[in-house]
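Q: Please take a close look at one part of this protein, the place where a pair of helices meet, and set it in the context of the whole chain.

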Amino acid sequence: MISIDTNSREMDVATAAARTAIAVLSVNDRDILFKTIDSTLRGNLTDETRAALAASGRSRAIIAPAFPAAGRVTIAGRQYANGTPVDQTEYGFDPAHPAQRSDLLEVFPGSRMLSSSHGDPDASILIADATTDEDLDAVVASVPDFRDVLWVGSPGLASALARAYSSPEHADDVRAVAPVDAEVTRPVPTNRPRGTLVAIGSKHSANVRQAAQLLAGGQGTDIEIDTDSAGSDLSLRTADRSLRTGGTVVLHGPTTTLSDSAAVSGGISSAVGTLWSHGNVGALIISGGRTARQIFERLDIHIAELADELEPGIVLLYPSGTAHSLPVILKAGGFGDDGTLLRLAERAYLLP
């Protein structure tokens with residue numbers, strides 16, 4: 001499997017569409033072609049999807065953004081997060097890239113519902129309802145030739161495709177994907193440090209609750225990063241001491257003031273780079289996509305091996321092709337319940 005990060009969510013429409021087309025052209029000979037979109041409908045969805053379909057060589061796109069395990073479902077063509085239309089949740093007030101609509105037929109003009117298309121050859125973009133993983137399995141099963149479709153969705157649809165086409169009866173249907181021109185290896189340190197560094201860049205309210213539970217009882221060190229600074233020398237020395245003794249350190253932006261999320265992410269990535277270079281970080285947990293990208297750039301990480309899905313939509317990676325071989329856990333800001341970060345920190349400590 002090859003995954004390409006286009007980093008296009010915050011780009012202007014024309015640039016995002018062009019970058020998406022280039023990425024799809026580079027892999028359009030693959031049997032399964034999947035265009036990921038945000039399950040809360042943020043970003044340049046319409047133009048990116050049309051550009052991807054044109055570059056894919058497929059006859060139609062099936063769009064199923066539901067991710068039931070994370071509370072995101074599609075009912076009558078409308079996207080909901082935990083029972084509320086996504087444009088009426090805090091995702092609709094995201095200062096960087098808000099969800100502006102919840103009706104997928106409005107997001108994708110000219111699209112049709114999959115349930116009512118009845119094989120219409122003119123219906124090139126089809127919207128699929130789903131409230132359960134079984135519904136997504138049924139969407140995948142309804143397509144006789146998966147090679148003729150551009151699949152568009154979130155981790156829910158990706159998991160349905162994996163369940164369908166990794167089964168023994170389809171073992172001969174999907175050919176092996178040639179590796180990229182870089183060796184992916186996972187060296188396992190024999191004496192890995194045990195400190196866990198948690199970097200929270202997303203301002204989603206779920207992160208506030210998760211961090212509070214993680215820090216409850218004084219079990220972790222709380223470090224606030226203000227604007228684009230990398231943290232004070234004193235705070236970083238405190239963090240270093242905690243990491244050196246196997247503790248957990250939580251880096252986050254201001255919680256009581258309005259702040260520039262891009263600047264905060266930059267400050268957090270700088271602090272992570274400093275602490276990582278001292279050699280006391282045994283595992284890194286990152287919450288927030290922009291923050292993850294900035295941290296990876298800071299640590300010169302360009303390729304990573306996907307090792308596991310620890311919880312729905314939360315993955316374990318091992319960076320490759322660099323000196324960094326320690327485990328990295330990634331989650332979107334809104335994913336998980338109040339105990340998610342605590343469970344991930346406990347899991348990170350025990351990783352080999």
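A: Contact here means heavy atoms within 4.5 Å. On that basis, in this predicted model, residues 24 or more positions apart account for 70% of the contacts in the protein with a separation of 6 or more. The secondary structure of the protein comprises 11 helices and 15 strands, and 49% of its 352 residues count as buried.

Turning to the helix pair, the axes of helix α1, which covers residues 13-25, and helix α2, which covers residues 45-56, come within 8 Å and cross at roughly 30 degrees. Because angles under 35 degrees count as roughly parallel, α1 is roughly parallel to α2. The handedness of the crossing of α1 and α2 is right-handed.

As for the residues that make up this contact, α1 contributes Val13, Ala16, Ala17, Thr20, Ala21, Val24 and Leu25, while α2 contributes Asp47, Glu48, Ala51, Ala52, Ala55 and Ser56. Sorted by character, the residues of the contact of α1 with α2 comprise 9 that are nonpolar, 2 that are polar and 2 that are charged.

Elsewhere in the chain there is an open sheet of 3 strands, whose order is β3-β4-β5 and whose pairing is antiparallel. Its edge strands are β3, at residues 72-75, and β5, at residues 84-85, each of which pairs on one side only. Strand β4, at residues 78-81, pairs with β5 in the antiparallel sense over 2 bridges, and Ala81 has Thr84 of β5 as its bridge partner.

Definitions and conventions
Residues numbered from 1 in each chain as written. Predicted model: local features only at pLDDT ≥ 70, side-chain atom pairs only at ≥ 80, totals over all residues. Heavy atoms only, no water. Axes fitted to C-alpha atoms, helices over the stretch in contact; angles between N-to-C directions. Helix = DSSP H or I, 4+ residues; strand = E, 2+ residues; numbered from the N terminus. Parallel < 35°, antiparallel > 145°, perpendicular 65-115°, else oblique. Left-handed = near helix turned anticlockwise from the far one by under 90°. Nonpolar A, V, L, I, M, F, W, Y, C, P; charged D, E, K, R; others polar. Pairing = 2+ DSSP bridges. Buried < 20%, exposed > 50% of the residue type's maximum accessible area, 1.4 Å probe, protein only.
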